[in-house]
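Biologist: Thanks for sitting down with me. Could we walk through this model together, one question at a time?

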Amino acid sequence: MDFTPQIKDKLDKLQEKYEAMGQDMASYLDGLLYADFLTYWDYIHLDTLLSLQSPKTPFPDEEIFIMYHQITELYFKLSLHECRQISEHSELTAQFFTERVKRINAYFNALTTSFEVMVNGMEKEQFLKFRMSLLPASGFQSGQYRMIEISATDFTQLVDKSQREALRNNTIEEKFEHIYWKFGATELSSGKQTLTLKQFIKKYAAQFLALAKEREHTNFSALYHQLKEKGEDVSQLAEELRKLDLYVNVEWPLSHYKSAVRYLEKDPVDIAATGGTNWQKYLPPRFQKRIFYPFLWTKEQMEEWGKGWVLSVLQTLRK
């Protein structure tokens with residue numbers, strides 16, 4: 001093999017790199033001689049990944065349930081990866097912001113369109129049996145999803161709508177006491193927190209509070225206003241943020257609502273969800289009125305938030 005000027009140039013640059021670190025380039029070249037070629041299955045740890053399903057019952061469809069939730073958490077991790085790139089960018093531009101929000105929207109589009117697996121991809125009889133072995137665990141306990149919410153909006157918008165305005169100027173700790181999802185895992189009759197919620201708060205509360213404080217001025221809402229005030233063109237960014245708002249606060253909860261209606265609605269008494277979440281009041285977007293970017297919607301759009309979607313789903317599933 002001839003050492004072309006291009007190869008010699010690369011070797012010189014490698015020499016400079018290792019000298020700057022106080023290392024010997026020849027030793028690293030020896031390492032390349034002895035190293036095995038990389039394989040696809042080793043690179044993505046495929047064998048480990050495929051071994052991470054541990055059903056608690058003999059029902060075959062439980063494995064579907066496990067794998068789909070694992071896929072969901074990987075998409076959430078992808079979304080948080082983009083959230084960090086946006087919030088921690090030292091010289092953020094509207095273009096960079098827009099491109100990364102597009103990626104997040106692509107992840108949530110994949111999630112919402114694939115949720116049909118959960119709606120019609122399991123036998124109802126199997127699900128209603130194996131779900132009882134999962135108590136008190138619940139998809140409600142997805143910490144990554146809550147971190148996406150915290151990154152996406154002003155923390156006030158995550159306060160339960162009944163307290164949102166009253167607590168607008170309060171501390172993050174005070175707002176956290178009234179965060180909307182706490183009411184989704186509270187017993188309606190007694191007002192007590194379920195074990196599901198207690199476990200969740202114990203594991204993640206400190207992380208959520210730390211992230212909320214870290215993102216107080218670098219959440220998507222704050223960054224949008226900062227770029228707008230600088231005179232940047234945020235029209236495309238606004239469009240992508242509206243899509244994100246719909247994906248996270250309408251389409252994704254509604255996907256779960258479809259699944260809950262399919263498996264848990266039973267006249268005359270609805271079956272409780274795992275963990276005791278009151279899904280009938282917690283999941284419908286029209287009840288929560290959780291909106292990340294109220295400044296990007298009209299008053300009429302916010303008043304009708306999620307209503308049409310929920311009604312159409314109920315009519316379809318009850319036929």
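Biologist: Let me start with a side chain: is Arg-290 buried or exposed?

Modeller: First, a word on the source: this is a predicted model, so local features need pLDDT of at least 70, side-chain atom pairs count only at pLDDT 80 or more, and totals for chains, interfaces and linings use all residues. Residues are numbered from 1 along each chain as its sequence is written, and side-chain values use heavy atoms, with hydrogens and water left out. Buried means under 20% relative accessible area, exposed over 50%, and partly exposed in between, with a 1.4 Å probe and protein chains only. Since the relative accessibility of Arg-290 is 6%, this residue counts as buried.

Biologist: Which residue forms a salt bridge with Arg-290?

Modeller: A salt bridge is a side-chain nitrogen of Lys or Arg within 4 Å of a carboxyl oxygen of Asp or Glu. Here the closest N and O atoms are 3.5 Å apart. The partner has a relative accessible area of 0%, so Glu-149 is buried. The residue you are after is Glu-149.

Biologist: How many residues apart in sequence are the parts that Glu-149 and Arg-290 tie together?

Modeller: Helices are DSSP runs of H or I with at least four residues, strands are runs of E with at least two, and both are numbered from the N terminus. Glu-149 lies in helix 9, while Arg-290 sits in the loop between helix 15 (285-288) and helix 16 (299-303), so the two parts are apart in sequence by 141 residues.
That pair is one entry in a longer list, and the structure's total of salt bridges is 12.

Biologist: Which helices does the salt bridge between Arg-103 and Glu-82 tie together?

Modeller: The closest N and O atoms of Arg-103 and Glu-82 are 3.3 Å apart. Arg-103 is partly exposed at 34% relative accessibility, whereas Glu-82 is buried at 2%. Because Arg-103 lies in one helix and Glu-82 in another, the pair ties together parts 21 residues apart in sequence: helix 6 and helix 5.

Biologist: Which residues are linked with Glu-88 in a network of salt bridges?

Modeller: One bridge joins Arg-215 to Glu-214, with the closest N and O atoms 3.3 Å apart. Arg-215 is buried at 5% relative accessible area, but Glu-214 is partly exposed at 47%. The residues in the network with Glu-88 are Glu-214 and Arg-215.

Biologist: What covers the buried residues of helix 6?

Modeller: Helix 6 (residues 94-114) has 21 residues and reaches 30 Å from its first C-alpha to its last, close to the expected 30 Å; that expected span is 1.5 Å times one less than the number of residues. Its buried residues include Phe-97, Arg-100, Ile-104 and Phe-108. An α-helix has 3.6 residues a turn, so residues three or four places apart point the same way. The cover includes helix 5 (61-87), helix 9 (143-152), helix 12 (220-229) and helix 13 (235-264).

Biologist: Which helix gives the largest share of the largest nonpolar core?

Modeller: A nonpolar core is a set of buried Ala, Val, Leu, Ile, Met, Phe, Trp, Tyr and Cys residues joined through side-chain atoms within 4.5 Å. The largest one has 65 residues, and those touching the most other members include Phe-97, Phe-108 and Trp-181. The largest share of this core is 11 residues, and it comes from helix 13.

Methods. Contact means heavy atoms within 4.5 Å.
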